[in-house]
Amino acid sequence: MAQQSSNGSRPKLSEKGLLTPDNCVAAFIDHQGQMLFGTGNFDRQALINNTTALAKATRVFDVPVVLTTVETKSFSGNLWPQLRAVFPGQEPIERSSMNSWDDKNFVAAIEKSGRKKIVIAGLWTETCIALATVQAIHDGYEVYVVEDCCGDLSQLAHDNAMRRVVQAGAKPVTALSVMLEWQRDWAHRGTYDAVMDIVKNHYGAYGIGVEYAYTMVHGAPPTRFPEYVIPAAATAHK
């Protein structure tokens, strides 16, 4: 019988160099309005979609999460509402530093997780991601940069940053690859349905393919998404 994880709902996976829900912490860095406005290397709607999918996956697999923002009031704006919806009770660590690893509260939150692998995503790649990644690796952490949840001012800036972190020892991954590495086996039913829900909501043709297989091949009823409700008009200020 497979060994169970600490929450009892999923098997404890073998590591052997791979990510598991029990050996990593996820860091979401500066997913804020102004930072997204300046992103020019990647489709910004896709960036929101991928980051939200990764955030949901951390909830499914009980992966500890550190949220952090920079200069919220003076420049960058609030954490995206899509992420606040996934982590409604968690306040981001506010910083003034571009490099999260220069902020003692951020580093303390990573250390508190007790994990030595960091799954990191954020804006912008060349500063907020690269600087923290290089220094975290220097301090003995293993860092996985979720590239499709990161963005920068230009393709050159993003590509240079990715080359730099890979040369420093970081592993480039995607939001989907991380989630599937945490799932690992479709026979793990405790998380299967939740993973499929994320796939259907966030992964385009893959999600439609899953729906097609369910309904056309296996005869399952169509997925029922929440009914769309038109938001009520805001009350006019008097």
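Helices and strands are here DSSP runs, numbered from the N terminus, a helix having at least four residues and a strand at least two. In these terms Lys116 belongs to the loop that joins α5 (104-113) to β4 (117-122). The structure is a predicted model, and the description below proceeds from this loop to the pocket, then to particular backbone features and finally to a helix.

Lys116 has a relative accessibility of 44%, and because values between 20% and 50% are classed as partly exposed, this residue is placed in that class. Its C-alpha atom is 5.1 Å from that of Tyr141, although the two residues are 25 residues apart along the chain. When neighbours within four places in sequence are set aside, the contacts of Lys116 are Asn23, Asp139, Gly140, Tyr141 and Glu142.

On the other side of β4, the loop leading to α6 contains Trp124. The peptide bond that links Leu123 to Trp124 is cis, its omega being near -10°. Trp124 also takes part in the largest pocket: together with Met35, Met98, Thr127 and Cys128, Trp124 is among the lining residues that lie nearest the pocket centre.

The largest pocket holds about 200 Å³ of space, and its lining comprises 14 residues. Two helices, α3 (72-76) and α6 (125-138), each contribute at least two residues to this lining. The greatest contribution is that of α6, which provides 3 residues. Sorted by class, the lining consists of 8 nonpolar, 3 polar and 3 charged residues.

Two non-glycine residues with positive phi deserve attention. Asp62 has a phi near 55° and is located in the loop between α2 (44-60) and β2 (65-70). The relative accessible area of Asp62 is 41%, so this residue is partly exposed. Arg184 likewise is not a glycine, and its phi is positive at about 70°. Arg184 sits in the loop between α8 (175-183) and α9, where its relative accessibility of 31% makes it partly exposed.

Arg184 leads in turn to Thr20, a residue of the segment before β1 (24-29). Apart from neighbours within four places in sequence, Thr20 contacts Leu13, Ser14, Glu15, Trp182 and Arg184. The relative accessibility of Thr20 is 2%; since anything under 20% is termed buried, Thr20 is buried.

The loop of Arg184 precedes α9, and α9 (189-202) is the element against which the buried residues of α10 pack. Helix α10 covers residues 204-217, 14 residues in total. From first C-alpha to last, α10 spans 19 Å, close to the 20 Å expected at 1.5 Å a residue.

Which residues of α10 are buried? They are Gly207, Val210, Glu211 and Thr215. Viewed down the axis of α10, these buried residues fall within an arc of 115°, and therefore they line one face of the helix. The general geometry bears on this pattern: an α-helix has 3.6 residues a turn, so residues three or four places apart point the same way. The face of α10 turned away from the buried side bears the exposed residues Ala205, Tyr212, Met216 and Val217. Just beyond the end of α10, Gly219 adopts a positive phi of about 70°.

Technical notes: Residues are numbered from 1 along each chain as its sequence is written. This is a predicted model: local features need pLDDT of at least 70, side-chain atom pairs count only at pLDDT 80 or more; totals for chains, interfaces and linings use all residues. Side-chain values use heavy atoms; hydrogens and water are left out. The expected span of a helix is 1.5 Å times one less than its number of residues. Buried means under 20% relative accessible area, exposed over 50%, partly exposed in between (1.4 Å probe, protein chains only). The arc is that of the directions from the helix axis to the C-beta atoms. Contact means heavy atoms within 4.5 Å. On a 1 Å grid over the protein atoms alone, a cavity is a set of points where a 1.4 Å probe fits but cannot get out, and a pocket is an open set with protein on both sides within 12 Å along at least five of seven lines; lining residues have an atom within 4 Å of a point. Grid points are joined across faces, edges and corners, and a volume is the space filled by probe spheres set on the points. Ala, Val, Leu, Ile, Met, Phe, Trp, Tyr, Cys and Pro count as nonpolar, Asp, Glu, Lys and Arg as charged, and the others, Gly among them, as polar.
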